[in-house]
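User: I would like a close look at a single part of this structure, followed by a connected account of other sites and helix packings. Please keep to what the coordinates support.

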Amino acid sequence: MEWWKDAIIYQIYPRSFQDSNGDGIGDIPGIISRLDHLQQLGVNALWLSPVYKSPNADNGYDISDYREINPEYGTMADMERLIAEAKRRGIRVIMDLVINHTSTEHYWFQKSRDKTSPYADYYYWQHGKADGSLPNNWTGFFGEDCWEFDPQRCEYYLHLFARTQADLNYHNPAVLEEVKDILRFWLRKGVAGFRCDVINILYKDTLEDGKKRLALTGSEHYLSLEGTHEILRQLREVLDEYNAITVGETVFVTPSQAQDLCAPARRELNMVFSFEHMECDQYFIKWFKRKFRPKVFFDCLVKWQTSLDWNTIYLENHDQPRSIPRFGSEAYWKESGKLLATLLLTLRGTPFIYQGQEIGMVNFDFDRMRQLNDVESKNVEKVLRRFHVPQRLRWKLIRRTSRDNARTPFQWDEGPGAGFTDARPWLGINRNSEQINLSRQEKDKDSIWWWYKDLGRLRRDSEVLRRGQFVPLEAGTQVFAYQRVLGGEKLTVVLNFSDQPASVSHRGQVLRSNWNKAHFDGRLSPWEAVILIPQ
C-alpha cells in the first residue's frame, strides 16, 4: 500500500518544538503533548529530526549511539510512547537516518583509532602526502578542509561535514551490516520508515585529488555513484520486510539521477528531496544570494513535476531559511503565506510541512553572530573572516542563509517563552512571537493556520489533488498556473507571486481564494492564490 502518496508529512525539529521539563530544550514528551496539533492539521506522518544519543556538535546529526535516545530529549520509553500515541491518532513516525557519518564519540570511531581493532577500517583513514600536506585536496560541506589528524592513530580521517562527523567506509561490508541491524532495531519498534540524510554521497570510489571547484572539490568521487545505488538496494531488502518507506536527502541531483534513485523497479528509495528549486535564489553556493526571480522558480518546479512520476514537495526544512521572506513577501505576509501553502498542497507529490510553516513563521531577528548556534554558520564565518570579508558583509550573508533561521523555537502563544518553554531557550525566540503564534491564529479563521487546515482537508477529500496529473499552463514573470487532471476531472491553480496585481485568461468557479473572492474575473490581487473548477 503506497500510503505515503496520500499523506501530508510534518517535520519536527525536536530541540525547537516543545519543552516539557523547563530546561529550554524541546523534547519527546513535549512532542507527545502536541500531537493533537498535528492531528488537527490533517497530518498523516511526522518526520523526526535525530533524537539519538549525540554530543550535539551538529544538533543530533553527529550520532554517538543509534540505539539510545539523547537524554536531553527523554528516554527510550518516551520514544516508544510517542510511536504509540502517534499511531493512536493515525500518525506514522519517520526517523532520521544519518549513515554517511557518525560522531567521533561513537564507539566504532573510538575503536577505529586502534589499527589492530576489528573497527580499524570502519572509517576512511589516510596518511598525509609526502610533502606534509593533507591526504587530498577535497573540501567539505561546511566550508573547510575535510581531513582531521588523529594523534592516537597518527593518521587523518575523512569528514565531509564537521570535524566531529567522521565518514563511514562502505568499502568494508561490516559497516553495511551494522546499518542493516540499526534499521531492524527501529523498524521492530514500529517506525514507518526513514528520511535518509545526504544519502547519495555514501560511497567514495577513490581518495585521489579532485578537480578544483569553488566549493566541494572532490565531489566527483562520491556524488551519486553506482556504489551508493548498490548500498541502497541492499538496505531496501531490509525495509521491504516491514513495508517501510525511505525519503532520501540527495544533494546536487538532476531529475534523471533522481529517477535512478527512486524508480520503483530499481528498489532503492521511494522519494527524494531535490534541491534545485531551493537554489534558484543563489549564485553557485547557498551563501551567495541573488534576487528571487519567480520565473526561474516556476520553470524549475515544472521541470521536476514533469520529469518524475512522484516525488516530495517542500519549501522549508531545518536546513533552509523560512519560505515567506524567501519566496513570498513580508509586506503581504498573510497572503503570501497562504499562496505558498496553496502551492505546496496542490502540486503532484507528497507534501512536507516544516514546523512553524503552518503559522507563517519567518527568519530569526538576531543581530550578532554570538546569538547563533549553527556549526555551519560559525564555520562559514571563520572562512569569510580568513578571506578578509568585512564584518558587515559576513553578517549579511549569514543572516540571510543560516540554518538557525528555521530553528528558532515554535511560537505557540504570545507569552515570554512563546509557549515553548518557561526557561531560557536553547536558541533565541523571535520577538514577533507576540504577533505570529498558533494561539492567536486559532482564533482567527482567516489566518494562515486555518488556511493550511482547510487545504489539507481539501487535498484529503480530493482524489484529483492527491493523485491527478500535473499539467503546466503558465509560468511567467509573476504568474504560475497549472492544472491537476484525473480522468474527466480538472482543477486549475493560479498563483500571483508579486506585490502587483495581474490579469490572466484562466477562468472557472472559485473553489478557494486566499482573498476570499466568491467570483474570479481573471484579475489577481497581490499574492492571490485561486483554485478554480474550469467551466
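Is C154 buried, partly exposed or exposed, and what is its relative accessible area?

Analyst: The model is a predicted one. In it, C154 is partly exposed, because its relative accessible area is 45%, a value that lies between the limits of 20% for buried and 50% for exposed. C154 is found in the loop that runs between β8 (147-150) and β9 (155-158). Its backbone carries a further feature: the phi angle is positive, at about 60 degrees, although C154 is not a glycine.

N516 can be read beside it. This residue also is not a glycine and has a positive phi of about 60 degrees. N516 is located in the loop between β22 (509-513) and β23 (523-524). With a relative accessible area of 56%, N516 is classed as exposed.

Another loop residue is N44, which is placed between α2 (35-41) and β2 (45-48). The relative accessibility of N44 is 25%, so N44 counts as partly exposed. A polar atom of the N44 side chain lies 2.7 Å from the backbone nitrogen of I8. I8 also appears among the residues that N44 touches beyond four places away in sequence, together with D6, A7, G90, I91 and R92. As for long separations, N44 and L384 are 340 residues apart in sequence, and their C-alpha atoms are 42 Å apart in space.

K204 belongs to the loop between β11 (193-196) and α6. Its relative accessibility is 1%, and K204 is therefore counted as buried. The side chain of K204 forms a polar contact with the side chain of N100, at 2.8 Å. Leaving aside residues up to four places away in sequence, K204 touches N100, Y124, W138, L158, L160, D167, H171, H221 and Y222.

S112 is a buried residue as well, because its relative accessibility is 0%. It is situated in helix α4 (residues 107-112). The side chain of S112 reaches the backbone oxygen of Y119 at 3.0 Å. Beyond four places in sequence, the residues touched by S112 are Y119, A120, D121, Y122, Y123, W125 and R153.

R67 is part of strand β4 (residues 65-69). It is partly exposed, since its relative accessible area is 29%. Its contacts outside the four-residue window are with M76, E178, D181, I182 and F185. R67 and Q371 stand 304 residues apart in sequence and 32 Å apart in space, taken from C-alpha to C-alpha.

The account now turns to helix packing. Two packed helices are described by the angle between their axes and the distance between the axes.

Helix α5 (residues 173-188) packs with helix α6 (residues 226-240) at an angle of about 30 degrees, and the two axes are 10 Å apart. This angle makes α5 roughly parallel to α6, because the class covers angles under 35 degrees. The crossing in which α5 passes α6 is right-handed. On the α5 side the contact is made by L176, V179, K180, L183, R184 and L187, and on the α6 side by I231, Q234, L235, V238 and L239. By class, these residues comprise eight nonpolar, one polar and two charged.

The second packing involves helix α10 (residues 333-346) and helix α14 (residues 448-461), whose axes come within 10 Å and cross at roughly 20 degrees. Consequently α10 is roughly parallel to α14. This crossing, too, is right-handed. From α10, the participants are W333, K334, G337, K338, A341, T342, L344, L345 and T346; they meet I448, W451, Y452, L455, G456 and R459 of α14. The contact of α10 with α14 divides into eight nonpolar, four polar and three charged residues.

To return to the part in question, C154 is a partly exposed residue, with a relative accessible area of 45%, and its positive phi of about 60 degrees occurs in a residue that is not a glycine.

Definitions and conventions. Residues are numbered from 1 along each chain as its sequence is written. This is a predicted model: local features need pLDDT of at least 70, side-chain atom pairs count only at pLDDT 80 or more; totals for chains, interfaces and linings use all residues. Side-chain values use heavy atoms; hydrogens and water are left out. Axes are lines fitted to C-alpha atoms, for helices over the stretch in contact, and angles run from 0 to 180 degrees between N-to-C directions. Helices (H or I, at least four residues) and strands (E, at least two) are DSSP runs, numbered from the N terminus. Angles under 35 degrees count as roughly parallel, over 145 as roughly antiparallel, 65 to 115 as roughly perpendicular and the rest as oblique. A crossing is left-handed if the near helix is turned anticlockwise from the far one by less than a right angle, and right-handed if clockwise. Contact means heavy atoms within 4.5 Å. Ala, Val, Leu, Ile, Met, Phe, Trp, Tyr, Cys and Pro count as nonpolar, Asp, Glu, Lys and Arg as charged, and the others, Gly among them, as polar. Buried means under 20% relative accessible area, exposed over 50%, partly exposed in between (1.4 Å probe, protein chains only). A polar contact is a pair of N or O atoms within 3.5 Å; within protein, one must be able to donate a hydrogen and the other to accept it, and residues adjacent in sequence count only if both atoms are side-chain atoms.
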